[in-house]
Amino acid sequence: MTNTAISVSDLSKKYEDRLAVSHINFEVPLGTVCGFVGPNGSGKTTTMRMLLGLITPTTGQGHILGEPIEHPEKYLSRVGAMIEGPAFYPALSGYENLMVLAKLGGFPIERVQQLLDKVGLGDRGKSKFKSYSLGMKQRLGIAAALLPEPKLLMLDEPTNGLDPEGIQEVRALLRDLANEGTTVFVSSHLLSELEIISDYIVMLRKGEIVFAGPIGELMAQQQPTIIAKSLKKSDLKRIVKIAKEAGHHAVIRDDSVHVLADMKWAAVLNEAAFDAGITLAQLAPQLPNLEETFFEMTGDK
Amino acid sequence: MFNVVKAEIRKLRRPTLFFGTMGAALFFTGLITSFIYLMIDSPQGNGDRGSTISRQVLGLASGSVNGFSSVGGFLGIIALCVFAAQTAQEYTYGTLRNLLIRQPSRMKILVGKLISMALFALVMITIAAVVSIAISYILAPGAKVNTDLWFTSDGLDAIFTTIVNVTISVVAFGIVGMVLGLLLRSPISAISFGVLWLLIVENLLIAVKNSLQNWLPGAQLSAIASGGLVDLTYKHALTVGGLYVAVGAIVASILFVRRDVAN
């Protein structure tokens, strides 16, 4: 019995001259929420398509729930997925669309209404898909992905088009599913969104892995920033000097001094500023968020 | 496979598609069958391309299904449009990926789709046959056509044989539509190409060189529905038409199974 939901090794996909995914390796443990992060065009959807047997890898291997990706029939009955947005028949209702998939997968038809209720479409199930808003379409896509009571749920940008309330509901839903033992592999280019719900992170940039591992491990690698603001603007340069003399990198940004230093050094800075006659209006240690970490690691900003 | 058929039937029974298709089939059936009886004495003829179907021919045991077999080609074109649209729309809507996630065996998807659409075509054919025979029976006395032989054992035999031939022809047209849908991946392109070829290009080619009738795919499939023509035997039409359909189906199936689903 494997303890990884997804494992890929040397996986690549080449389209003519373009390498969409380049020799990637990562693992996603069972029962976690794994954020699949990267800018648009970084290869997230291509990777997901390979994992679902929709496209054939150029090189490499992959395993889903212990089964090789060359045989999707061995694992897809335990996998729910929504790839590249919700795709349904516009002239059928939401209910009818789910019925088509329920019949196709041989799932109990009672689940259709239950899932419509779960994603908040219970009273709009009989409306045609083409009349749905983008948020409603997303919800229907999530409901379709949940049809098989999946062990692994793969969602590609599931919160696109959702309002803040809808985003919160999806977050809560994904967390609940993970608590029930479902592994959630969710992609997004909105890194702040994934930072909140993910245990694991796989970062992709231009088809290559930048980081793959627990989110705590990633954030621990990042140096915190101490943000100091003096009462007098003219004292900012003196704060920079104090920081540099102590061997820390410091810059002035937005009327504050940003010092790359351990959080404990904030107290030292406070004391040193006081001794130098500088009155600090603000002194706050700050950990970089996932977005800043991503840009720092990829050098994109 | 059975699950694929059930899922596809769910889509095909959509009222606009079902009643729209049946309406079109009934329209052509009513129109063509009525013409044969109402235009029986017209100097322009009452059959295909100005030919005349006489009272004697209509009075034979096979007379009841003369109109129905003439409609076969039109039913085939309707089937081509439905099969092509139902296949190609999976690409344009992006729903193919949903289908393949729930049923990874691409051949099962393809065969299940074909079976469900063939069942849909069978319903259309049955309704068209009943309506055509009923119209023929109602209009025959006014056209002074003798119907005594129509429901004898020979007559029933002719009805059965014609329904089988029309079914073979219509499903074959449908497979051509499916092949076009798989190759072109767009309902509009698949239907336009299919209809343009069958209704215009083939007729122009035959008008220029009559012997081409023996080799063009649409002509073969239409001839199957009619049980063969004077200068195009049923056996020849079945062989050549069958070859076209088989080669097209094999090529499209291989492409469908091997091609990446990237939309």
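A residue counts as partly exposed when the number of other C-beta atoms within 10 Å of its own falls between the limits for exposed, 12 or fewer, and buried, 20 or more. The views below are taken from a predicted model.

**Figure 1. Two aspartates of chain A with positive phi, A:Asp10 and A:Asp255.** Most residues other than glycine have a negative phi. A:Asp10 has a phi near 60° and is part of strand β1 (residues 4–15) of chain A. Because 13 C-beta neighbours lie inside 10 Å, A:Asp10 is classed as partly exposed. A:Asp255 also departs from the negative range, with a positive phi of about 60°. Its place is the loop between β12 (249–253) and β13 (256–260) of chain A. A:Asp255 has 11 other C-beta atoms within 10 Å and is therefore exposed.

**Figure 2. Chain A as a whole.** Chain A contains ten helices and 14 strands. Its C-alpha trace spans about 75 × 45 × 40 Å along the principal axes. Chain A has 301 residues, of which 43% count as buried. Of the contacts in chain A between residues at least 6 apart in sequence, 68% join residues at least 24 apart.

**Figure 3. Surroundings of A:Arg139 in helix α4 (residues 134–146) of chain A.** Is A:Arg139 buried or exposed? A:Arg139 counts as buried because 28 C-beta neighbours lie inside 10 Å, and the cut-off for that class is 20 or more. Leaving aside residues up to four places away in sequence, A:Arg139 touches A:Val119, A:Gly120 and A:Leu121. A:Val170 is 31 residues from A:Arg139 in sequence, and the two C-alpha atoms are 8.6 Å apart in space.

**Figure 4. Helix α5 (residues 164–179) of chain A and the residue A:Gly181 just after it.** The 16 residues of α5(A) should span 22 Å at 1.5 Å a residue, and the end C-alpha atoms are 23 Å apart, so the two values agree. Just after this helix, A:Gly181 adopts a positive phi of about 105°.

**Figure 5. Packing of helices α8 (residues 236–245) and α9 (residues 265–275) of chain A.** Two packed helices are described by the angle between their axes and the distance between the axes. For α8(A) and α9(A) the angle is about 125° and the axes are 11 Å apart. The two helices are therefore oblique to each other, and α8(A) passes α9(A) in a right-handed crossing. Which residues meet in this contact? From α8(A) they are A:Ile239, A:Ile242 and A:Ala243, and from α9(A) they are A:Leu269, A:Ala272 and A:Ala273. The contact has six nonpolar, no polar and no charged residues.

**Figure 6. Contact between chain A and chain B.** Chain A contributes 24 residues to the contact and chain B contributes 23 residues. On the side of chain A that touches chain B, the largest share, seven residues, comes from helix α2 (residues 94–105) of chain A. By class, this side of chain A comprises 17 nonpolar, four polar and three charged residues.

**Figure 7. Packing of helices α2 (residues 15–38) and α4 (residues 66–92) of chain B.** The axes of α2(B) and α4(B) are 9 Å apart and meet at an angle of about 155°. Angles over 145 degrees count as roughly antiparallel, and α2(B) and α4(B) are therefore placed in that class. Their crossing is right-handed. In α2(B) the residues of the contact include B:Thr21, B:Ala24, B:Phe28 and B:Ile32. In α4(B) the contact residues include B:Phe68, B:Val71, B:Phe74 and B:Ile78. The whole contact of α2(B) with α4(B) divides into eleven nonpolar, six polar and no charged residues.

**Figure 8. Helix α10 (residues 234–258) of chain B and what covers its buried residues.** The 25 residues of α10(B) reach 36 Å from the first C-alpha to the last, close to the 36 Å expected at 1.5 Å a residue. Which residues of α10(B) are buried? They are B:Ala237, B:Val240, B:Gly241, B:Val245 and B:Ala252. An α-helix has 3.6 residues a turn, so residues three or four places apart point the same way. The cover over the buried residues of α10(B) includes α7 (153–184) and α9 (217–225) of chain B.

Notes
Residues are numbered from 1 along each chain as its sequence is written. Chains are lettered from A and ligands numbered from 1 in the order in which they are written. This is a predicted model: local features need pLDDT of at least 70, side-chain atom pairs count only at pLDDT 80 or more; totals for chains, interfaces and linings use all residues. Helices (H or I, at least four residues) and strands (E, at least two) are DSSP runs, numbered from the N terminus. The expected span of a helix is 1.5 Å times one less than its number of residues. Two residues are in contact if their C-beta atoms, placed from the backbone, lie within 7 Å. Ala, Val, Leu, Ile, Met, Phe, Trp, Tyr, Cys and Pro count as nonpolar, Asp, Glu, Lys and Arg as charged, and the others, Gly among them, as polar. Axes are lines fitted to C-alpha atoms, for helices over the stretch in contact, and angles run from 0 to 180 degrees between N-to-C directions. Angles under 35 degrees count as roughly parallel, over 145 as roughly antiparallel, 65 to 115 as roughly perpendicular and the rest as oblique. A crossing is left-handed if the near helix is turned anticlockwise from the far one by less than a right angle, and right-handed if clockwise.
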